[in-house]
Amino acid sequence: MSRASVVYWVIALIASDVVAVGAAPALAYLLRFESGLLPYEEFHPFQNYYGFLATTVLVAPILLAANGMYRPRRSISWPDHVYVIFTSISAATAIAIVVSAIMWHDVSSSRLMVALAWILAVVLVTLGRATVYSFQSSLRRRGVGTERLLIVGTGDTAHLVLDRVRHSPGIGYRPVGFVSEAPGTSVAHGLPVLGTLDGIGEVVRQHQIHDVVVAIPTLSQQRLLDLVTQCSSEKVNIKVFPDLFQFMMSGVNIGDLNGLPLVSVKDVALRGWNLTLKRAMDLVVSASVLVLFSPAMLLIAVLIKLTSPDGPVFLVQERVGLDGRPFPIIKFRTMRPDAEKETGAIWARPDDPRRTSIGAFLRKYSLDESPQFVNVLVGDMSLVGPRPERPVFVDQFRQTIPRYFDRHREKAGITGWAQVNGLRGNTSIEERTAYDIWYVENWALWLDVKICLKTLVVILKDRNAY
């Protein structure tokens, strides 16, 4: 992204935030004292809140900036984004209350009006930023403000990077081509191979590259250093796709043993009270969903029986969960009763001919998974965790994938970190394992909430749901 473009978008975000934060107290005042919707005992003139308004408008953008909310970004995790907005606006509101009391001796403000201003500020800032980002994404889809991307490598990882870029035009990348480790093919995955690593500096200059993504996980440090050196004279951003081991080791932290420094490469985040918090969330959410969704589940059961009367409504299948213990998972049946009679246990695939007529719809929107809230309620599963596999696949994967069984250190989940990052269905087991292990070693209650929220979005547009 050019420096001018960065400045324009930062100015747009700041302007949006200032307008939203400034409008919130005004709207709150109208609701509290002018709308007639909320009764009051004492009328307050709006002038009483000038100090509160001015302080909030000044402090909120500073706190948002301190939390990195004006840094250029290619993609946005809205749960994280809203969380930072919420915490920043909350802090700004608290500061404004204290400053108003100290500087203007204003201790008689309407608490309801201040609370409304706080809530409205969070909502308006979020909506304003969504509008700005939506406009930016729309321009990028039209080719405005896009940047030329060069991918280093031609293998499966490079293909994965290219696929993600092509299916996310709103991030503003325009793939130009690849460079390979050594001379060979001239075309890869539909794009030209523009050269080799030894000449990447010239490729960047000739093709006016803005960003380079290194998609060779096994590239040596020396080769990577040489790549950076060749590009050092160009205004180009370089990003590296980590290998599986680096990803698994991303949770490394430094500790000590009575003064002796130790590096922890394996840790379990879910212990003690964390387990209690996670179980409490599982119980509340699963019970609520089963009660609220029960009419829809009854309708699904009826439709399954009407469209495929020869088989049962539910599929009860053995899966492997916590500590490698098997448990019976419950799903709505979406396949013919004899689906695996000839083939045995195999992966589902796009346009799978074994699906029933209603089964295709259920799998597309993950409705077949809804009975698993019963598994969560009884404690076999959690809302969030590594997706459970069948014993035959677990035995196969643990023989070939490093640390595969580490994903079984926590309960299996209805959804997971891998699934909301596009690794569902017939996708890379190695990558899925890496994401699962990262989740196990970096668990936080907010991470579970974030995954649940992202799951609602993924369900509507997941291309790997079949």
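**Reading the structure by question**

Me: Which residues does Thr 157 touch, not counting residues up to four places away in sequence?
Reply: This is a predicted model, in which local features need pLDDT of at least 70 and side-chain atom pairs count only at pLDDT 80 or more, while totals for chains, interfaces and linings use all residues. Residues are numbered from 1 along each chain as its sequence is written, and side-chain values use heavy atoms, with hydrogens and water left out. A contact means heavy atoms within 4.5 Å. With residues up to four places away in sequence set aside, the ones that Thr 157 touches are Ala 215, Pro 217 and Phe 241.

Me: Is Thr 157 buried or exposed?
Reply: Thr 157 has its place in helix α5, residues 156-166, where helices (H or I, at least four residues) and strands (E, at least two) are DSSP runs numbered from the N terminus. Buried means under 20% relative accessible area, exposed means over 50%, and partly exposed lies in between, with a 1.4 Å probe and protein chains only. Because its relative accessibility is 19%, Thr 157 counts as buried.

Me: Which helix gives the most residues to the largest nonpolar core?
Reply: A nonpolar core is a set of buried Ala, Val, Leu, Ile, Met, Phe, Trp, Tyr and Cys residues joined through side-chain atoms within 4.5 Å. The largest one has 30 residues, of which Ala 28, Ile 85, Ile 89, Met 113 and Val 125 touch the most other members. At least two residues of this core come from each of α1 (3-34), α2 (50-66), α3 (78-103) and α4 (111-141). With 10 residues, the helix that gives the most is α4.

Me: How many residues are in the second, separate core?
Reply: In soluble globular proteins, nonpolar side chains tend to be buried together. This protein also has a second core, separate from the one described above, which includes Met 297, Ile 304, Ile 414 and Tyr 439. The number of residues in this second core is 29.

Me: Which strands stand at the edges of the open sheet of six strands?
Reply: The sheet has mixed pairing and the order β3-β4-β2-β1-β5-β6, and two strands pair if DSSP finds at least two bridges between them. Each edge strand has a single partner strand, so one side of each is left without a neighbour in the sheet. These edge strands are β3 and β6 (237-240).

Me: In which sense do β3 and β4 pair?
Reply: Strand β4 (residues 191-196) pairs with β2 (residues 173-180) in the parallel sense over three bridges. On its pairing with β3 (residues 187-188), β4 has two bridges, and Ala 188 stands opposite Leu 191. β3 and β4 form a hairpin with two residues between them, where His 189 in the turn has a positive phi of about 55 degrees. The sense in which β3 and β4 pair is antiparallel.

Me: Is Leu 298 buried or exposed?
Reply: Leu 298 lies in helix α9, residues 273-307, and forms a nonpolar patch on the surface with Leu 299, Val 302, Leu 303 and Leu 306. Because its relative accessible area is 58%, Leu 298 is exposed.

Conventions: Patches are made of residues with over 30% relative accessible area and no salt bridge: like charges are joined within 9 Å, nonpolar side chains (Val, Leu, Ile, Met, Phe, Trp, Tyr) within 5 Å. Accessible areas come from the Shrake-Rupley method with a 1.4 Å probe; for residues, only the protein chains shown count as cover. A salt bridge is a side-chain nitrogen of Lys or Arg within 4 Å of a carboxyl oxygen of Asp or Glu.
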